[in-house]
Amino acid sequence: MLAALGGKPVMTEGDVAPWPHIVDEDRRAVLRAMDDATPWHWPMDSVLELESAWSETTGMPHVLAANSGTAALHMAVAAAGVEPGDEVIVPADTFLATASCVLQANAVPVFVDTDPVTMNIDPDKISERVTDRTRAIIAVDLNGLPADYDRLREVADRHGLTLIEDAAQAHGATYRGRPVGSLADLSAASLNGSKTLSALGEGGLFATRDAEAHRLARRVLMFGEELTGQGRDYNARIMGWNYRIDVLAAAFARSQLSRLPAMTAVREANGAALTDALRDIPGLRPPVVPRDRTHVYFFYPLLVDPEEYGLADVPVAAFRDAVLKAVGAEGLGIMRWQHQPVPAQTLFQERRGYGKGCPWTCGHARPGCEYRAQEYPVALDVCERRLVLGQSFSSLGPPNGVDTMARFADVFTKVMIDERDALIGLVRDEAVRAG
Ligand SMILES: Cc1ncc(COP(=O)(O)O)c(C=O)c1O
């Protein structure tokens, strides 16, 4: 019997190890950083060590550690020279920060729909959104799968745009053999606790090949000051913030980074095993990994398909919510992620921004910018069908291995195949509830 109806759950507490995976080496690194942290000065050794290790991992010569991925994205947008009223192309389906970092620079995000196979920005739909105000494109390596950077580079070069990589969800993945973090002119990654490279708390990484972009980003990181290595002159040149990373978070992330290749190998094997096990289960579409790139499964996205399940007459939302309820009750961590494309969020629908409609009404922006969710049909469809495993609650990272993935698959086999009639009952209940 389905656990949602009173049966025994497939999984029990402790079956899945949480993410991040902490070992004694990490604990020792944090304690060492604590001992080194007095007297306080900036930047401290663990911050410098994290920056040089990410530089080595990505091959990007200039790296700055920041206190969030959102901060690193803002630094990247500023370093790209984006100014008030400029436009920046961003994917319609992503986390808010990919778009709000553009607002932080008093500029205007312009959204582009999703590629239905990779679920990343569709390079073929960018040109139609480019105007004489467009300065940059931000691509996101969504779920842990890199976007299509060769095609993005071609579009960016054709229009003279800077290409920025939002690598928040994909540390460790590769595109045509090149590591995430190095795939564009500038990159920003998150080190938030749940990420595939985790600072346990909060953190971010900015990277570039360009010395001038590095200088501009560093101003944003630290109060708008010019840091020359000769001490501070306490003279803000531009609007700057305090985006300095916590030293203990930096030490933790540095320690985790030394194991990133090994952790990535486990993630790849786990994702492949899970996809093999789920491929023939009707009603679920597992993620597709093009042959030219690797996936690190920060999220393991599943798109539900009631029609394929033989339920052509029920709304997708009723089927999705019944699967969500039934799988969750079996003890497997599963959730919806973004419920709607970013441009459908109230911030963009009402365009209040900083208040009084800024930046859209600041006088620099092109007049008449509006956001209509129906212009992003693929993103809308993905948001409606998507359920995700992964992150911290059903992690595909170590120490979980293919045996744990087999348990995940057991849950779907029970819910979707063995208890098909009961699941259909739940779907009908959901459909009635939704009216
Ligand atoms: C795609 C994407 N971009 C940016 C961010 C922002 O990172 P942070 O939470 O470290 O500010 C996230 C975080 O969840 C993200 O998933």
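## Two domains and a ligand shell

In this predicted model, 26 residues of domain 1 are in contact with 28 residues of domain 2. On the side of domain 1 that touches domain 2, the elements giving two or more residues are helix H8 (260-278), strand E11 (299-304) and helix H11 (377-385), and of these H8 gives the most, with five residues. The domain assignment places residues 3-20, 260-338 and 380-434 in domain 1, while domain 2 covers residues 24-259, and the C-alpha centres of the two domains lie 30 Å apart.

The ligand is surrounded by 16 residues, the closest of which are Ser68, Gly69, Thr70, Ala168 and Ser190. Helix H3 (69-79) and helix H4 (97-104) each supply at least two residues of this shell, with H3 giving the most, namely three residues.

The table sets out the classes of residue in the two settings.

| Setting | Nonpolar | Polar | Charged |
|---|---|---|---|
| Side of domain 1 that touches domain 2 | 16 residues | seven residues | three residues |
| Shell around the ligand | five residues | nine residues | two residues |

Turning to the chain as a whole, there are 13 helices and 12 strands, and the C-alpha trace spans about 70 × 55 × 40 Å along its principal axes. Because a compact globule of 435 residues would have a radius of gyration near 22 Å, the chain's value of 22 Å agrees with that expectation. Buried residues make up 52% of the 435 residues, and among contacts between residues at least 6 apart in sequence, 72% join residues at least 24 apart.

How values were computed. Residues numbered from 1 in each chain as written. Predicted model: local features only at pLDDT ≥ 70, side-chain atom pairs only at ≥ 80, totals over all residues. Helix = DSSP H or I, 4+ residues; strand = E, 2+ residues; numbered from the N terminus. Rg over C-alpha atoms; globule rule 2.2 N^0.38 Å. Buried ≥ 20, exposed ≤ 12 C-beta atoms within 10 Å, placed from the backbone. Contact = placed C-beta atoms within 7 Å. Near = placed C-beta within 6 Å. Nonpolar A, V, L, I, M, F, W, Y, C, P; charged D, E, K, R; others polar. Domains from an automatic or database assignment.
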